[in-house]
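The following exercises ask the student to read a protein model step by step. Each task is followed by a worked solution.

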Amino acid sequence: MKSLDQLVRPNIKSLKPYSSARDEFSGEEAVFLDANENPYNQPYNRYPDPYQRKLKKRIAEIKHVSEDSIFLGNGSDEAIDLAFRAFCEPGLDNVVSIDPTYGMYQVAADINNIETRKVKLTSDFELDVDALLKAADDHTKLLFICSPNNPTGNSFKADDIVKLIEQFEGIVVLDEAYIDFVPEKSFLKKLPTYPNLIVLQTFSKAWGMAGIRLGMAFASQEIIRIFNHIKYPYNVNILTQEKAFDLLAAEEDKNKWVADLMEQKKLMTQQFDGYSFVEKIYPSDANYLLIKTTAPREIYNYLVEQGVIIRDRSTVALCEGCLRVTIGTQEENNSLYQALGKYEQECM
């Protein structure tokens, strides 16, 4: 890979980051008269820890990584945007991404005026490693891989991911938003081996915290230092930090939720296998199923009328005819099955 010094934008290398009051002093046992805060309404009158030290310490214990290798942001989308701002020169550099995949990579690229070079997955939704590498040139700074992938649901072969990390000359961003459903496939343990790897994870899925908007990026201390230099000073508010810390104490609950969702996914697979309008159910390592049907838009609209909302993915590359269905509670899933049963009786 190219050195980090070669990959970082020149203006970012020379940037003098904003120094907040809490950068110059951190602690609790003090009289704070430095940040023009209102002295009333404790503790929400105070600016939050800009580096979320208490929360990172707990995450480091759970994830078995160094605290210095963690970046926390307003959802994983913040880390995605920071990767563009740190490494990609607008109007000059480009990134490579798989297709289909999570749509925010393209949006972040467009916002930052960066070309995205999309490389389609194979017909069985696997990585075309050679095509991905060939798509890169001297101005390619980032390569995005989502595994398990959204919307296809499958995890990619570890050997293919390793080959890309080792042969791509830029930064590989591996989005593991759904990795809690297949933790044995995470690349977190490989971070010390690959200085050009950024691993994204989230609290929105298995942890049930989508509403508090907290994403994680794991990388070398050098990359995390760059992210901290260019992020907004207080990017994770005190309410989010406190709620996340409290919920992390309930890791057993998270594990129970994951086990229940995986059982419900098996039941949903069996249920969909019995519908005449279902042509294929794709293997999934995530908390959703991608299902190929005979009339995706018609089924989607019918379910909306029944008050059941799923996702129509039939216009996405390689997903023609497909619907994406999130695994819910048994009660929620039963509502889906009842609505689909009515659809089959009335419309087939």
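**Exercise 1.** Determine how many cavities of 30 Å³ or more there are, and describe the lining of the largest cavity.

*Solution.* Step 1: apply the definition. On a 1 Å grid over the protein atoms alone, a cavity is a set of points where a 1.4 Å probe fits but cannot get out; lining residues have an atom within 4 Å of a point. Grid points are joined across faces, edges and corners, and a volume is the space filled by probe spheres set on the points. By this rule there is 1 cavity of 30 Å³ or more.

The model is predicted: local features need pLDDT of at least 70, side-chain atom pairs count only at pLDDT 80 or more, and totals for chains, interfaces and linings use all residues. Residues are numbered from 1 along each chain as its sequence is written, and side-chain values use heavy atoms, with hydrogens and water left out.

Step 2: examine the lining. The largest cavity has a volume of about 40 Å³, and its lining residues include Phe272, Phe277, Thr293 and Leu340. Two or more lining residues come from each of strand S9 (288–293), helix H12 (296–305), strand S11 (322–326) and helix H13 (330–347). Helices (H or I, at least four residues) and strands (E, at least two) are DSSP runs, numbered from the N terminus.

Step 3: sort by class. Ala, Val, Leu, Ile, Met, Phe, Trp, Tyr, Cys and Pro count as nonpolar, Asp, Glu, Lys and Arg as charged, and the others, Gly among them, as polar. The lining of the largest cavity has 10 nonpolar residues, 1 polar and no charged.

**Exercise 2.** Describe the largest pocket and state which element gives the largest share of its lining.

*Solution.* Step 1: a pocket is an open set of grid points with protein on both sides within 12 Å along at least five of seven lines. The largest pocket has a volume of about 770 Å³. Among its 23 lining residues, Gly27, Glu28, Tyr47, Asp49 and Ile238 are the closest to its centre.

Step 2: H4 and H10 are the elements that give two or more residues to this lining. The largest share, 5 residues, comes from H10. By class, the lining of the largest pocket has 10 nonpolar, 5 polar and 8 charged residues.

**Exercise 3.** Which residues of helix H10 (residues 238–248) are buried, and where do they lie around the axis?

*Solution.* Step 1: buried means under 20% relative accessible area and exposed over 50%, with partly exposed in between (1.4 Å probe, protein chains only). The buried residues of H10 are Thr240, Gln241, Ala244 and Leu248. They lie on the same side of H10 because they cover an arc of only 100 degrees around the axis, the arc being that of the directions from the helix axis to the C-beta atoms. On the other side of H10, Leu239 and Asp246 are exposed.

Step 2: the buried residues of H10 pack against helix H4 (53–63) and helix H11 (251–272), where contact means heavy atoms within 4.5 Å.

**Exercise 4.** Is asparagine 150 buried or exposed, and which residue's side chain does its own side chain join in a polar contact?

*Solution.* Step 1: asparagine 150 is found in the loop between strand S4 (140–146) and helix H8 (158–167). Its relative accessibility is 10%, so asparagine 150 counts as buried.

Step 2: the side chains of asparagine 150 and arginine 324 are joined by a polar contact of 2.8 Å. A polar contact is a pair of N or O atoms within 3.5 Å; within protein, one must be able to donate a hydrogen and the other to accept it, and residues adjacent in sequence count only if both atoms are side-chain atoms.
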